[in-house]
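The exercises below go with one structure. Try each task before reading its solution.

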Amino acid sequence: MGEQTFQVDFVKLCEAIGVRDIHTVDPYDLDQTKDAFQKALEFDGPSVVISDKPCVLMPRKIKETPYTVISDSCNGCKLCFRIGCPAIAASKELTEKGHPKAIIDLDLCTGCTICAQVCPENAIVLATEKAHAVR
Ligand code: SF4
Ligand code: SF4
């Protein structure tokens, strides 16, 4: 409702109800997040993973500068499409094998970095770095 309030301490809340395996993660750090879920799955008992960053669907930027695709480096593997990010779409430009390359809508990108972390070709970079990368 837009009213000022206090932040719930989820770690203390979980401890108070008896949870012993608690992980707090930056969900935009894929390795850290995967590691936390792996440990939670292996723990014998209830676990909680706390995602401690603004939701990617909130209308606010994680980073001010959006990400973009270096078309020449994209091999059309589609890994970045599988994230489900609304800013990523199939380009009309095709690879030699006929697969569509990725393209990012700079206005929709919140700068969350997930696509750049999954791209095996390092084809996704900050829009400000693209000019250097294609030289
Ligand atoms: S993950 Fe990288 S190489 Fe694969 S389609 Fe996306 S931008 Fe292209
Ligand atoms: S950084 Fe990539 S995954 Fe994140 S909002 Fe931008 S295009 Fe989508």
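## Overall shape and confidence

The chain has a radius of gyration of 19 Å, whereas a compact globule of 135 residues would have one near 14 Å. This radius is taken over C-alpha atoms, and the globule rule is 2.2 Å times the number of residues to the power 0.38. The model is predicted: local features need pLDDT of at least 70, side-chain atom pairs count only at pLDDT 80 or more, and totals for chains, interfaces and linings use all residues. Residues are numbered from 1 along each chain as its sequence is written, while chains are lettered from A and ligands numbered from 1 in the order in which they are written.

**Exercise 1.** State what the C-alpha trace spans along its principal axes, and how the chain is divided into domains.

*Solution.* Step 1: the C-alpha trace spans about 55 × 40 × 25 Å along the principal axes. Step 2: the chain is divided into domain 1 (10–51) and domain 2 (67–133), with bounds from an automatic or database domain assignment. Step 3: the C-alpha centres of the two domains are 30 Å apart.

**Exercise 2.** Which element of the chain has the lowest mean pLDDT, and which the highest?

*Solution.* Step 1: pLDDT is the predictor's confidence in each residue, from 0 to 100. Step 2: the average for the chain is 91, and 93% of the residues score at least 70. Step 3: among the elements, helix α4 (residues 127–133) has the lowest mean, 74, and strand β1 (residues 21–25) the highest, 98. Step 4: where pLDDT is low, the predicted coordinates should not be read in detail.

## Helices, strands and a hairpin

**Exercise 3.** Give the number of helices and strands and their order.

*Solution.* Step 1: helices (H or I, at least four residues) and strands (E, at least two) are DSSP runs, numbered from the N terminus. Step 2: the chain has 4 helices and 6 strands. Step 3: from the N terminus on, their order is α-β-α-β-β-β-β-α-β-α.

**Exercise 4.** Do strands β4 and β5 run parallel or antiparallel, and how many bridges join them?

*Solution.* Step 1: two strands pair if DSSP finds at least two bridges between them. Step 2: β4 and β5 (residues 100–104) are joined by 4 bridges and run antiparallel. Step 3: Ala 89 stands opposite Ile 103 in β5. Step 4: the hairpin of these strands has 5 residues between them, and Gly 98 in the hairpin takes a positive phi near 90 degrees. Step 5: Lys 97 lies in the loop between β4 and β5. The C-alpha atoms of Lys 97 and Gly 76 are 8.8 Å apart, with their positions 21 residues apart along the chain.

## Burial

**Exercise 5.** Sort Lys 97, Thr 113 and Ile 124 into buried, partly exposed or exposed.

*Solution.* Step 1: a residue is buried if 20 or more other C-beta atoms lie within 10 Å of its own, exposed if 12 or fewer, and partly exposed in between, with C-beta atoms placed from the backbone. Step 2: Lys 97 is exposed because it has 7 other C-beta atoms within 10 Å. Step 3: Thr 113 has 16 such neighbours inside 10 Å, so it counts as partly exposed. Thr 113 is in the loop between β5 and α3 (114–118), and its phi is positive, near 80 degrees, although Thr 113 is a residue other than glycine. Step 4: Ile 124 has 23 other C-beta atoms within 10 Å and is therefore buried. Ile 124 is in strand β6 (residues 124–126), and its C-alpha atom is 4.5 Å from that of Val 69, 55 residues away along the chain. Step 5: buried residues make up 14% of the 135 residues.

**Exercise 6.** Describe the place and the exposure of Lys 78.

*Solution.* Step 1: Lys 78 is in the loop between β3 (67–69) and β4 (88–94). Step 2: Lys 78 is partly exposed because 13 other C-beta atoms lie within 10 Å. Step 3: the phi of Lys 78 is positive, about 75 degrees, although Lys 78 is not a glycine. Step 4: Lys 78 and Cys 119 are 41 residues apart in sequence and 8.9 Å apart in space, C-alpha to C-alpha.

## The ligands

**Exercise 7.** Which residues come nearest to ligand 1 and to ligand 2?

*Solution.* Step 1: a residue is near a molecule or strand if its C-beta atom, placed from the backbone, lies within 6 Å of it. Step 2: of the 14 residues around ligand 1, Cys 74, Cys 77, Cys 80, Ala 102 and Cys 119 come nearest. Step 3: around ligand 2 there are 14 residues, of which Cys 85, Ala 87, Cys 109, Cys 112 and Cys 115 come nearest.
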